[in-house]
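Q: I'm new to this structure and would like a close look at its salt bridges. Could you walk me through them one by one?

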Amino acid sequence: MKNAVLTTAFVLAVGTAAALAQTGNGAPNGTHYNLNIIGKEQCPTDPMTNSNGHVIFVLLNGGDVATNLTGKLASTISKVNKIYLQPSPDNSTFAVLDGNACDGNGALFELPNPTNNSYTIWARALATPGGSATMTTCATDPTTGEIVCSTANVLLMRTKGKQTFANVTTQLTTITFINPATGQPVTVSIFDPSLVDYFWNYQNNGLRLAQLRFYPVQ
């Protein structure tokens, strides 16, 4: 499936007025699941399945440009800096099942199906100022075996000063692409059966820490 490129970047260095009105760091109040994506020059050599808690390691500088992945056969792409997603069996759990995105298998993260469980995702860039990363939701078209990446993405930029969270729920729980039959944009949620093997493509350009928070909607 060949998709037109209509990239929509969401810059997290600024945040949104709605988010800033909630707390001092821009995130909502309340219980949440925390996920840290840590950029490393040299990553761990094991899958990091039991000891890493809420951490996924990625290469500090690496990963594919999402627009270059679209249309490629899934069997031929590198899995470095890719965080594969699977629905949690109880539809409520968030868990890192493989915390090493630097190897040939990529990382594996478990989260509820957003169509059955209401939650929001918030993100910010942290650590030493400088560096950026782009997260894009992608999947595989089962009819062609080709990668489909969303035309929307999240751009995390570590600028100087205080870093605030921004709502990135839409960008990380849906894929928007151009339907080749109609030429019109189509949006589906992650785990929609029209696509398979969903993942977040993490293109890292020197960002040492990205923090994601997952909040249940009250």
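**The salt bridges up close**

A: Let's start with D64, which is partly exposed at 25% relative accessibility. Keep in mind that this is a predicted model. D64 forms a salt bridge with K82, and their closest N and O atoms are 2.6 Å apart. The two residues come from distant parts of the chain: D64 sits in the loop between β3 (61-62) and α2 (66-69), while K82 belongs to strand β4 (residues 82-87), 18 residues apart. And what about K82 itself, buried or exposed? K82 is buried, with a relative accessible area of 0%. So this bridge joins a partly exposed D64 to a buried K82.

How many salt bridges are there in total? The count comes to two. In the other one, R208 pairs with E41, and the closest N and O atoms are 3.8 Å apart. Here R208 is in the loop between β14 (196-205) and β15 (209-216), and E41 is in the loop between β1 (33-40) and β2 (55-59), so the pair ties together parts that lie 167 residues apart in sequence. As for accessibility, R208 is partly exposed, with a relative accessible area of 36%. E41 counts as exposed because its relative accessibility is 61%, and the cut-off for exposed is over 50%.

What lets such pairs form at all? Side chains of opposite charge can pair when their charged atoms come close.

Notes
Residues are numbered from 1 along each chain as its sequence is written. This is a predicted model: local features need pLDDT of at least 70, side-chain atom pairs count only at pLDDT 80 or more; totals for chains, interfaces and linings use all residues. Side-chain values use heavy atoms; hydrogens and water are left out. A salt bridge is a side-chain nitrogen of Lys or Arg within 4 Å of a carboxyl oxygen of Asp or Glu. Helices (H or I, at least four residues) and strands (E, at least two) are DSSP runs, numbered from the N terminus. Buried means under 20% relative accessible area, exposed over 50%, partly exposed in between (1.4 Å probe, protein chains only).
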